[in-house]
Amino acid sequence: MNELFVKIRFLLPSLPRAEKVIAEALLENPEAITHMTLAEISRESGSSEASIIRFCKRMGYEGYTALKEDFIRAIAEGNGIQSECIEVTDDMKTILKKVYQSNVQTLSDTLVLAGDAYEKALEALLKAREIHFFGVGDAYAVCLLAQMKFGRLGINSSAHSDVMLQMMTAGNLTEKDVAIAVSYEGRSKNVVEAMRLAKQSGATTISITKMNKSPLLKYTDIRLFIAVNDLTVGRDKVTRRVSDQFILDALYLGYTTRMDKNYKNQLKKIQRAIDSNKM
């Protein structure tokens, strides 16, 4: 998806109502802006000209003309969204291709939202005494994988599935520690509470979420965003967990590259211990 559309979709949930109207209108019929004046699109969308200008500035443009020019370029590049919808007639090769395309698109869109926060997150991890991960449901699986990786480096870390252990861990953190939360909408009660306790304890808090407006962000120092909309029944879209793992893997690789200790010797030692248990 074009970067312009990714940014609009990302901002949409947090926009004031008047600006949300114009954003939704542009996403629904992006070609309309290419031949409309400010007055015309104001009339067609039911938004005031002032609201449209405020939306343009929020998107980083000086005014309507600049936004319109970028829309023309974006439409020329294409705004195709790869669908993960699987049909009953699809064979396994087709299904694999659809999942692959959906994953690639999500990772590309997530890169669009990447900024300085990633450097801040890495710096916090490098300074941390302990690193602890918080997530529930399938987000916990991502947290556990990340914890295993950092644990192999000899870093004190955890990823508990038990709620009480999560709260105990968060409550015992200090200003020398880092707490990382993974929550798709940032509304998982247990995760939000754990991050509240972590922040209250003085720890640096990092959140990975798709929402730029949620209860979780109230207790988040460093915000890392994924770009994916999961509208499937049961919220089982593969790509949202792929994007979470993508971010955590990048942080892990950045950590191993910049850490003071020789991590390769540590990893070799741990791998030998693991291999010794194989048949």
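**Exercise 1. Find which residues form one aromatic cluster, and describe a pair within that group.**

Step 1. Phe133, Phe150, Tyr252 and Tyr255 make up one aromatic cluster. Here rings of Phe, Tyr and Trp (its six-membered ring) pair if their centres lie within 6.5 Å; planes under 30 degrees apart count as stacked, over 60 as edge-to-face and the rest as tilted.

Step 2. A word on the source: this is a predicted model, in which local features need pLDDT of at least 70 and side-chain atom pairs count only at pLDDT 80 or more, while totals for chains, interfaces and linings use all residues. Residues are numbered from 1 along each chain as its sequence is written, and side-chain values use heavy atoms, leaving out hydrogens and water.

Step 3. The structure holds 5 aromatic pairs. One of them joins Phe10 and Phe225 edge-to-face, with 4.7 Å centre to centre and 65° between the planes. This pair links distant parts of the chain, 215 residues apart: Phe10 sits in helix α1 (residues 3-11) and Phe225 in strand β5 (residues 222-225). Helices (H or I, at least four residues) and strands (E, at least two) are DSSP runs, numbered from the N terminus.

Step 4. Are these two rings buried or exposed? Phe10 counts as buried because its relative accessibility is 15%, and Phe225 is buried at 12%. Buried means under 20% relative accessible area, exposed over 50%, and partly exposed in between (1.4 Å probe, protein chains only).

Step 5. Now for the pair within the cluster: Phe150 and Tyr255 also meet edge-to-face, at 5.4 Å centre to centre and 75° between the planes. Phe150 belongs to helix α8 (residues 138-152) and Tyr255 to helix α11 (residues 238-258), so the pair ties together parts that are 105 residues apart in sequence. Both Phe150 and Tyr255 are buried.

**Exercise 2. Trace the salt bridges around Glu19, then look at Asp244 and Arg241.**

Step 1. A search of the whole structure finds 12 salt bridges, each a side-chain nitrogen of Lys or Arg within 4 Å of a carboxyl oxygen of Asp or Glu.

Step 2. In one of them the side chains of Glu19 and Arg54 meet, at 4.0 Å from N to O. Glu19 in helix α2 (residues 17-28) and Arg54 in helix α4 (residues 49-58) are 35 residues apart, and the pair links these distant parts of the chain.

Step 3. Glu19 is buried, at 2% relative accessibility, whereas Arg54 is partly exposed at 44%. With Arg58 added, Glu19 and Arg54 are linked in a network of salt bridges.

Step 4. Asp244 and Arg241 form a salt bridge whose closest N and O atoms are 2.6 Å apart. The two residues are separated by about one helical turn because they are 3 residues apart in helix α11. Both Asp244 and Arg241 are buried.

**Exercise 3. Locate a patch of positive charge on the surface and place Lys268 in it.**

Step 1. Lys264, Lys268, Lys269 and Arg272 gather in this patch. Patches are made of residues with over 30% relative accessible area and no salt bridge, with like charges joined within 9 Å. Lys and Arg count as positive.

Step 2. Lys268 lies in helix α12 (residues 263-275). Lys268 counts as exposed because its relative accessible area is 51%.

Note on methods: Patch = residues over 30% accessible without salt bridge, like charges linked within 9 Å, V, L, I, M, F, W, Y side chains within 5 Å. Areas by Shrake-Rupley, 256 points an atom, 1.4 Å probe, with all protein chains shown as cover. Charge placed at Lys NZ, Arg CZ, Asp CG, Glu CD.
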